[in-house]
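Trainee: I would like to test some labels against their cut-offs. Can we go through them one by one?

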Amino acid sequence: MDTVTQLTNQLIASYARLGGINHLDGKNMPSKTAVTDIACSLLRLLFPGVFDEKLIHSSEIKVETTALLDSVLGRLEDEIRKSLEYNPPAGLAKTDIAAEAHKLTVDFLGRLPLVREILQTDVEAAFNGDPAAASTEEIMVSYPFVEAIAVQRLAHELFLKNVPLIPRIMTEWAHSRTGMDLHPGAKIGSYFFVDHCTGTVVGETAIIGNHVKMYHSVTLGAKSTAGGQQLRGKKRHPTIEDHVTIYPGATILGGETIIGAHSTIGGNVFIMDSVQPNSLVIYDGLDMRVLNKLDKSTAVDFQI
């Protein structure tokens, strides 16, 4: 028996023995490669001329957009159809899956102008929040944050439509490229900015208000996942209200934890309880302290 045949037989035996990590003879799943290619095309639609290899003139924009939209519609409809076949929603007949996939795709693409509106606020927040940024063009073409939040906002639209698999494929692709892990289920308000991105984690049930600024290595997580699948659908991740700043290394856990509006969360703090609006939370190397930013007698020593 030659070497290749021997190796093949060993793998086939493994497939039979360890079936939990196979997907053979089952329903077709969306293609990771196809979904990531579609995500790239969607970025081109959201930011014309930014993610393209060549300059697009305004006189060409309608023709270019029509061709790209037509391509995305066909490709995405195929992947959504496969995702619905893999995990059909309750009450959806097999004969209706193709029509439902078409409707979901058209509805999703119809949301792109609204996604662009909120992304413009994110780019504005990034420019206003980073003195190292020379221009909004520099932010769009070079900041990993833009790619991460754009893909999350797209994936969130599909998540809200209960499209299986595809939203998570999209955000994990962005995660691998940017170092920023934004679950497609997270609700993120306008004027959002994460400086540096790397190591940032935002969980599925997190809610983030408007004008929130975060830094690298911030975690908005669950207190515990020991309950496993029994926790599915429950609020496990914190709520961050409007105009909150969270500095590097902060960890905020729990579905009932609320960070009040206009608060500042210092670096490396660990929070599992709510804090009132206008709080300053700091870690001085020994203890964590919660101060009232409006009380100048306690906050005078800190830049807030």
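Trainee: What makes Glu 147 count as buried or exposed?

Mentor: Keep in mind that this is a predicted model. Glu 147 has a relative accessible area of 11%. Buried means under 20%, so Glu 147 is buried.

Trainee: Which residue forms a salt bridge with Glu 147, and how do you know that the term applies?

Mentor: Arg 177 does; the closest N and O atoms are 2.4 Å apart. The cut-off is within 4 Å, so the pair qualifies. The two residues link distant parts of the chain, 30 residues apart. Glu 147 sits in helix H7, Arg 177 in helix H8.

Trainee: Why are Asp 107 and Lys 103 separated by about one helical turn?

Mentor: Because they are four residues apart in helix H4 (residues 97–110). They also form a salt bridge, with the closest N and O atoms 2.9 Å apart.

Trainee: Why is Asp 107 called partly exposed?

Mentor: Its relative accessibility is 30%. Partly exposed lies between the 20% and 50% cut-offs, so the label fits Asp 107. Lys 103, at 49%, also counts as partly exposed.

Trainee: What makes the contact of Asp 284 and Arg 289 a salt bridge?

Mentor: Their side chains meet at 3.8 Å, N to O. That is within 4 Å, so the term holds. Asp 284 is partly exposed at 43%, and Arg 289 is partly exposed at 36%.

Trainee: How many salt bridges does a search of the whole structure find?

Mentor: Ten.

Key
Residues numbered from 1 in each chain as written. Predicted model: local features only at pLDDT ≥ 70, side-chain atom pairs only at ≥ 80, totals over all residues. Heavy atoms only, no water. Buried < 20%, exposed > 50% of the residue type's maximum accessible area, 1.4 Å probe, protein only.
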